[in-house]
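Work through the exercises below with the model open beside you. Try each task before reading its solution.

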Amino acid sequence: MSIFGGNGSKATRGFREARGNLRLTGVTKEFGDFTAVDDLGLEVPRGSFFALLGPSGCGKTTTLRMVAGLEQPTRGRILIGDTDLTGSRPYERPVNTVFQSYALFPHLTIRDNVAFGPKRRGEADAGKLADDALELVQMSHLAARKPAQLSGGQQQRVAVARALVNRPEVLLLDEPLGALDLKLRRQMQVELKRIQTEVGLTFIHVTHDQEEAMTMADTVAVMNHGRIEQMGHPEVLYDLPKTSFVANFLGQSNLGDGRVTGTDGDDLVVEVAGTTVRIPKSRSTVHDGAITFGVRPEKVRIRDQRPDGAGNDVKATVVDVSFTGVATQFLVTVASGTTWAVYEQNLDVERNHLRPGDEVWLEWESGHAFGVPVNDVEAAAATVADPDAAKAEPRAHQSADTSGDGTGDGSGSDPDALAVPS
Amino acid sequence: MTVASAHVAGGGTTHADPAPAGGARKRSWTAYLLLLPGGLWLLLFFVIPLVQLFTVSLQSGFPGYPGYYYRDVNIGNYGTALTEFAGHFGRSLLYAGLATFFAFILAYPLAYAMAFKAGKWRNVMMICVIAPFFTSFILRTIAWRQILADDGPVASTLKFLHLLPGGHITETWMAVVAGLTYNFLPFMVLPIYASLERADARVIEAGGDLYANGFTTFRTVTLPMSMPGVIAGTLLTFIPAAGDYVNADLLGSDRSTKMVGNVIESQFFKVLGGFPVAAALSFTLMALILAMVFLYIRRFGTEELL
């Protein structure tokens, strides 16, 4: 990008120029007996905004640190383009990190903080580059201050500028917005997305905030227990989760364990929660035997009487009603005793008349239902990986789809999924 | 409470409720009450003796009555202190400087290892640094006389290697500097360790992430971040070392390695009529150290110290 001036830097000794997609193949990281990252394979196309989403301890930060060179993988390789970076030191990689705690140098001014990288690389006009980068994050007016004199949000911008100024091939963001309050976080999400579009670098964003991941990223990879559970465009992931972990980590899902009893055209017929429902075959990763049925709370409608029709309905009892302004959230118990959630937008002129204890019927379109393997919940909760679960959901060796049109499919193994409207 | 009383005052009420006023007064008194014991201590045991010492340094001896003095403004005592004992001042500052330098060279790697590499051994190392304090300072210094003695392991090894031309370590400046270095080492280690331990490991990682190799990261990130500790450590070593007389007394020679502390001691206790000169020596040493420390902090100091 022109804002960063010419590419006239003397390369640091050992520095590896590398261009292209970031590729991880069979990357495993063990700390003693604990496997933090388990045989991870993924490819992030150059210039995309990629989010690694998962709960704490799922291995996402370890993955990031291995890309940065701050940790070395126990097994596997890390490449950018055709350049193998495995084993190289952090200062030899065309990769920069925005640390969770920002990690600004406390003894240097903001300007010197940002100029640190260019200076180490022998850039003649390091100061000018730093000024330009500070302008990009709108922090020029505070260039002479020390980090301790800045607020969290300001420090965060400086941390981004300090990494961006180096024009890294890959920019790593380790939960950079975690310490900010909600309003500032939303603002910075938009800002980061703008900067990424402006500079066109590959951004890898680690976060446990599913909303943040969905808002910002072209591709989201949901990680759990050191493995990628599912990867793809946020809309696709939300619409069609392939494991119950993804169904519950990315948004909320109403799940019920059942059994496939037959097929009806393109649909699976499933006995669940004391009723019979249908799931399109293309929306289920299981086609016979035990299955976990799922449907998103906002896709479910509440009816006073049993609806006529295809039979995607279940009887339930209202447990709790909470008014949230734009919507009303109902908690209901279905026949099997499981609690489901239903979100209903407050569209009716008449106010909601349902009260806890009322008997209702829940209805949804079969195209919104999905099926995932059972036991996955237990497998996800267990510390030792269940071999059956591993069989059911093969380890991710996937190529991220970043076509950006919302129809990309993470796995590439289930093309039917694309046909389903969301 | 504060808000309420401010509101009353702001409202221009002339007959304000006495309760908040009393509360405010009580609060402002608390600070002074808390300062009182420390302040009294400083006044009784620091300010008054210092003034007393200063008046002594200007006294003159009664002619013909050694050991008797009268109140005077005798600047000559300072002249004597500076001319007759210039060598001792020079030696004090040189030995203290050398000891500070060697203590820094030894302490920094040790503190670094404790802060970043020791892992579960950190507490053991900490105890090893502090443990000598459980024994008397004098006793430990006398022990060094055995270690550095002519027939001791250090001197014999160096003699065998032909690295000790004089044949002695004790009775030379080497023993004095070694003793000073040893005795003040913990005062160097602990502040440096504290500042390194406080340093955010992520900040040091950031140095590597931003293209600085190990040595450059140390030079541009780790060392500057530990400067408050380095400055505190060097001051805590240099200041007492410059005024020390035990090491020179026990490990040095009677002629060539005397420091200012030894002269002050002998002027006070051994030379009849030496009180004013001893006091002048003490004041001159204090002024010299203050001036050097001031210049040092001006040059290397951080905001935390100034």
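## Exercises on the two chains

Chain A has ten helices and 21 strands. Helices (H or I, at least four residues) and strands (E, at least two) are DSSP runs, numbered from the N terminus. This is a predicted model: local features need pLDDT of at least 70, side-chain atom pairs count only at pLDDT 80 or more, and totals for chains, interfaces and linings use all residues. Residues are numbered from 1 along each chain as its sequence is written, while chains are lettered from A and ligands numbered from 1 in the order in which they are written.

**Exercise 1. Describe chain A as a whole: its burial, its contacts and its domains.**

Step 1. Start with burial. A residue is buried if 20 or more other C-beta atoms lie within 10 Å of its own, exposed if 12 or fewer, and partly exposed in between; the C-beta atoms are placed from the backbone. Of the 422 residues in chain A, 46% are buried.

Step 2. Turn to contacts. Two residues are in contact if their C-beta atoms, placed from the backbone, lie within 7 Å. Take the contacts in chain A with a separation of 6 or more: 67% of them join residues 24 or more positions apart.

Step 3. Split the chain. The domain assignment gives domain 1 (2-231) and domain 2 (254-372). Such bounds come from an automatic or database domain assignment. The centres of domain 1 and domain 2 of chain A, taken over C-alpha atoms, are 41 Å apart.

**Exercise 2. Trace the six-strand sheet of chain A, from strand order to hairpin.**

Step 1. Write the order. The sheet is open and runs 6-7-8-3-9-10, with mixed pairing. Two strands pair if DSSP finds at least two bridges between them.

Step 2. Find the edges. Strand 6 and strand 10 of chain A each have a single partner strand, so one side of each lacks a neighbour in the sheet.

Step 3. Check the twist. Neighbouring strands are turned by 20° against each other on average, direction ignored. Axes are lines fitted to C-alpha atoms, for helices over the stretch in contact, and angles run from 0 to 180 degrees between N-to-C directions.

Step 4. Add the helix. Helix 4 of chain A packs on the sheet and touches strand 6 and strand 7 of chain A. Its direction makes about 175° with that of strand 6 of chain A.

Step 5. Zoom in on the hairpin. Strand 9 (residues 219-224) and strand 10 of chain A pair in the antiparallel sense over five bridges. A:Met223 has A:Ile228 as its bridge partner, and A:Val220 stands opposite A:Gly232. Two residues lie between the strands; A:His225 in the turn has a positive phi of about 50°.

Step 6. Test burial. In strand 10 (residues 227-232) of chain A, six of six residues are buried.

**Exercise 3. Which strands form the edges of the five-strand sheet of chain A?**

Step 1. Set out the order: 15-19-16-17-18, an open sheet with antiparallel pairing.

Step 2. Read off the ends. Strand 15 (301-303) and strand 18 (339-345) of chain A are the edge strands, each pairing on one side only. The twist averages 45° from one strand to the next.

Step 3. Inspect one pair. Strand 16 (residues 313-323) and strand 19 (residues 359-363) of chain A run antiparallel and are joined by five bridges. Here A:Val314 has A:Leu362 as its bridge partner.

**Exercise 4. Which side of helix 10 of chain B is buried, and what does it pack against?**

Step 1. List the buried residues of helix 10 (residues 214-225) of chain B: B:Thr217, B:Thr220, B:Val221 and B:Met225.

Step 2. Place them. They cover an arc of only 105° around the axis, which puts them on the same side of helix 10 of chain B. The arc is that of the directions from the helix axis to the C-beta atoms.

Step 3. Look across. B:Phe215 and B:Arg219 are exposed on the other side.

Step 4. Name the partner. The buried residues pack against helix 9 (201-209) of chain B.

**Exercise 5. Is A:Glu175 buried or exposed?**

Step 1. Locate A:Glu175: the loop between strand 7 (170-174) and helix 5 (182-199) of chain A.

Step 2. Count. A:Glu175 has 20 C-beta neighbours inside 10 Å, so A:Glu175 counts as buried.

Step 3. Note the backbone. Phi of A:Glu175 is positive, near 40°, in a residue other than glycine.
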